[in-house]
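This briefing is for a reader who has not met the structure before. It goes through the points by topic.

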2 protein chains.
Amino acid sequence: MNVVAACDAAALSSLLDTGWNPPATVVDEVAKIISDVRARGDGAVLEYARRFDGEGFDLAKLRVPIPMVDAARALVPAKIVSALELAQDRISRFQGRQRQPDIAFVEADGTRYGVQRRPLRSVAVYVPRLATLDILMGAVPAKLAGVPRVVVLSPGGAEPLSSTLLFACALCRVDELYAIGGAQAIAAAAFGTESLVPVDKIVGRGGIWTTEAKRQVFGRCGIDELAGPTEVLIVADDGANSEYVVGELLAQAERPGVTRLGVLSESRPLLEAVAQLLDSLDLRTLERHELVSDAIGNHCRLIAASSRDELFEVLNRLAPGYLCLQVRDASEYLGRIYAAGAIFVGDTTPVVSGEYLAGTSSVVPTAGTARYASSLSLGDFTRSFTLVENTAQRIANDAELLAALAELDGLPNHAQTARMRLEI
Amino acid sequence: MNVVAACDAAALSSLLDTGWNPPATVVDEVAKIISDVRARGDGAVLEYARRFDGEGFDLAKLRVPIPMVDAARALVPAKIVSALELAQDRISRFQGRQRQPDIAFVEADGTRYGVQRRPLRSVAVYVPRLATLDILMGAVPAKLAGVPRVVVLSPGGAEPLSSTLLFACALCRVDELYAIGGAQAIAAAAFGTESLVPVDKIVGRGGIWTTEAKRQVFGRCGIDELAGPTEVLIVADDGANSEYVVGELLAQAERPGVTRLGVLSESRPLLEAVAQLLDSLDLRTLERHELVSDAIGNHCRLIAASSRDELFEVLNRLAPGYLCLQVRDASEYLGRIYAAGAIFVGDTTPVVSGEYLAGTSSVVPTAGTARYASSLSLGDFTRSFTLVENTAQRIANDAELLAALAELDGLPNHAQTARMRLEI
């Protein structure tokens, strides 16, 4: 593999997304699925689930009963139970620290102000096939925020959902579970069907179809962000361990969907070492080698920065969902990073920590959307209203200025509501 | 005007939006405008600006120089200057209280966690014609958050922008001002043109075209929320002043675009008094009487709740952008409200206070989107990343569990990145 220069725009172009931008065929087909589900409800969901998830699907399999937690635990290997309970505990602690307090204050003239925060009333958590931890990533902060109705959507098809998934739902006090996926699941949750009461917000990561469906239903309900296919950027210095760097590339490379992989460094020797190690691997001997070979061969870049400034310029332009900092002085780097989803610091912190057990969210903004979006957190499950209560003195003092501003905007009836208060 | 029962679903249907749902013609035409601007840049912007904002528009009028603040102040009436400076001060104080601190903590085993917040790099604030305060509503929190590039978009057409608007831009340290509006302005800010470098996020309220355009460009850049045409719900008890109630209805009724107006009360006598007062008005004698007559005649409902429970059920289902509480025991009401944008408490607090001078945001979620969205605030101008740095002990303890979880998900290369750490 070649090392490319950070200033080589053509070489970086495949890594540089300026936002969510799926192919037109996906956009159109997703629009059709949403419109079908909106018009025909369960009938359309059934049709698409059979087409995409398995011929054997039927509506009796749509809603899956969630067992009692102790009964569910008994069917899951002890090590997995421990791991899920540890993850639940760490997610709770990390998210719990992000609780935003209500605000209430009184100004000198007695006028009262406030911001009061409320849990959403209903949320759907999308969980891709074989991504049990995504239940915890969504449902733990949702329940911590106080959401009374938490729905999980996960593609089942004709197969029953796994015992682990059922245990995770029970552990997180999920209220409803539906064995559907893809754009049809997102449409059903947004618009409702005979079997599924619509929700106020849909969260979670998915593939390109699911993510595009979230984008299209936004407005009808809320969504968290556009968390599409996985991506990782490893920023490494000359002291980094090239085997760890390659390990991270291979790990993200095995996920389905178009992946963006990059190593960014001021150290040519480190990049050459990574290149050499990648070249020396017989990718065909690796697990999931077809996905890995495609991602490493087509979607991976080793990028040489000629200065620290250039390194940060490229890093922030790439705005990676996952960012590994395999550098000596990570805290100096942090101050200059503004666009990244989740950051993993040091040799001791592989991305897999954050994807499973660390407690930070694995649902991160991708495709360059970390320029403006953040990873899933407690705040995504709440909303707020503002409050103001004038004193008589405040409105008396303000009335003429309010009237002047309203009249400037051509709103005489607005002005009148201010002046009416002068007649008290 | 008739009083309708809160349980009369048909009577309430015109007030009940379940989310943003514009006519298909608007959706299609907006998509065409966005695709044109994306493909042809300034040329398309020019064409649409001439068609929608005035034949005399040309590209030399697109970017408007922002004067120095003292020079701009000299051209604005003293009362307006005072009002805008007061608004700026109050918005700063209200938004400043909503700053979210960074988070950093260390767990017992030494593993470090963090959440670091960063200002966005560029934001566009959409400002409808004659809505100077909307500059402050967007630019004040943007600059308070530290956004280095704040762009204002406001439809100018062939006319020069007003001195007041220029002063507001200077006062708020706006960096760039463009005299364009509508879907073409949103498309230009999202995708960029020869004259306008694209921004990371677009905020602000607009009409149906602008709001639909924001929905469509979301993903390419961030947006705040879907703040469409105005709406107000007045919740009043038997002690409410019916003249104030009617004043609020007439004020919001004079805004262009489809408006949703409602009065909700357990007191039939209060609702009858409001009805009588409305019936006694000769709407033709009012200012802006065409807009007012249409809104009061077609989009206003007086709603009788048969119990306190029913009142809150309807209130939260309507999820009004603006909510007036003209009741004795407002604090008891607040505890049961979860879906509203901005709340105005008591006889002394007309909505116009919040639209201009109170300091709370007038950019609120509408069309029922207050079920999941909040009004514009400091947090809209920041984003965050999470941080985790394992100790050697943490990764050693976690590695086997991580590997087990990754293998359960069918991700052997993920498992390997954990196991590699055991070989240290």
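A residue is called buried when its relative accessible area is under 20%, exposed when the value is over 50%, and partly exposed in between. The model described here is predicted. In strand 10 (residues 260–265) of chain B, six of six residues are buried, and this holds for both faces of the strand.

**Strand 10 of chain B and its partner**
- On one side of strand 10 of chain B, the buried residues are Arg260(B), Gly262(B) and Leu264(B).
- On the other side of strand 10 of chain B, Leu261(B), Val263(B) and Ser265(B) are buried.
- Strand 10 of chain B pairs with strand 9 (residues 231–236) of chain B, in the parallel sense and over six bridges.
- Within this pairing, Val232(B) has Leu261(B) as its bridge partner in strand 10 of chain B.

**A five-stranded sheet in chain B**
- Chain B has an open sheet of five strands, ordered 6-5-4-7-8, with parallel pairing.
- Strand 6 (176–178) and strand 8 (222–223) of chain B form the edges, each pairing on one side only.
- Strand 4 (residues 122–126) of chain B is joined to strand 7 (residues 201–203) of chain B by three bridges in the parallel sense.
- Opposite Val125(B), in strand 7 of chain B, stands Val203(B).
- Helix 8 (residues 182–191) of chain B packs on the sheet and touches strand 4, strand 5 and strand 7 of chain B.
- The direction of helix 8 of chain B makes about 175° with that of strand 4 of chain B.
- Helix 6 (residues 133–145) of chain B lies across strand 4 and strand 5 (149–153) of chain B, and runs at about 170° to strand 5 of chain B.

**Helix 9 of chain B and the loop after it**
- Ile208(B) belongs to helix 9 (residues 208–217) of chain B.
- Ile208(B) counts as partly exposed because its relative accessibility is 30%.
- Together with Phe52(B) and Trp209(B), Ile208(B) makes a nonpolar surface patch of about 250 Å².
- Arg220(B) sits in the loop between helix 9 and strand 8 of chain B.
- The relative accessibility of Arg220(B) is 17%, so this residue counts as buried.
- Beyond its neighbours within four places in sequence, Arg220(B) contacts residues of chain A, namely Thr18(A), Gly19(A), Trp20(A), Arg371(A) and Tyr372(A).
- In chain B, Arg220(B) is likewise in contact with Arg38(B), Ala190(B) and Phe191(B).

**Residues with positive phi**
- Leu130(A) is not a glycine, yet has a positive phi of about 60°.
- The loop that holds Leu130(A) runs between strand 4 (122–126) and helix 6 (133–145) of chain A.
- Leu130(A) is exposed, because its relative accessible area is 54%.
- Ala367(B), also a residue other than glycine, has a positive phi near 60°.
- Ala367(B) is placed in the loop between helix 15 (351–356) and strand 14 (382–389) of chain B.
- With a relative accessible area of 9%, Ala367(B) is buried.

**Chain A as a whole**
- Chain A contains 17 helices and 14 strands.
- Of its 424 residues, 64% count as buried.
- Along the principal axes, the C-alpha atoms of chain A fill a box of roughly 85 × 60 × 45 Å.
- Among contacts in chain A with a separation of 6 or more, 74% join residues 24 or more positions apart.
- The exposed area of chain A is about 14800 Å², with 52% of it supplied by carbon and sulfur atoms.

How values were computed: Residues are numbered from 1 along each chain as its sequence is written. Chains are lettered from A and ligands numbered from 1 in the order in which they are written. This is a predicted model: local features need pLDDT of at least 70, side-chain atom pairs count only at pLDDT 80 or more; totals for chains, interfaces and linings use all residues. Side-chain values use heavy atoms; hydrogens and water are left out. Two strands pair if DSSP finds at least two bridges between them. Helices (H or I, at least four residues) and strands (E, at least two) are DSSP runs, numbered from the N terminus. Contact means heavy atoms within 4.5 Å. Axes are lines fitted to C-alpha atoms, for helices over the stretch in contact, and angles run from 0 to 180 degrees between N-to-C directions. Patches are made of residues with over 30% relative accessible area and no salt bridge: like charges are joined within 9 Å, nonpolar side chains (Val, Leu, Ile, Met, Phe, Trp, Tyr) within 5 Å. Accessible areas come from the Shrake-Rupley method with a 1.4 Å probe; for residues, only the protein chains shown count as cover. A salt bridge is a side-chain nitrogen of Lys or Arg within 4 Å of a carboxyl oxygen of Asp or Glu. Buried means under 20% relative accessible area, exposed over 50%, partly exposed in between (1.4 Å probe, protein chains only).
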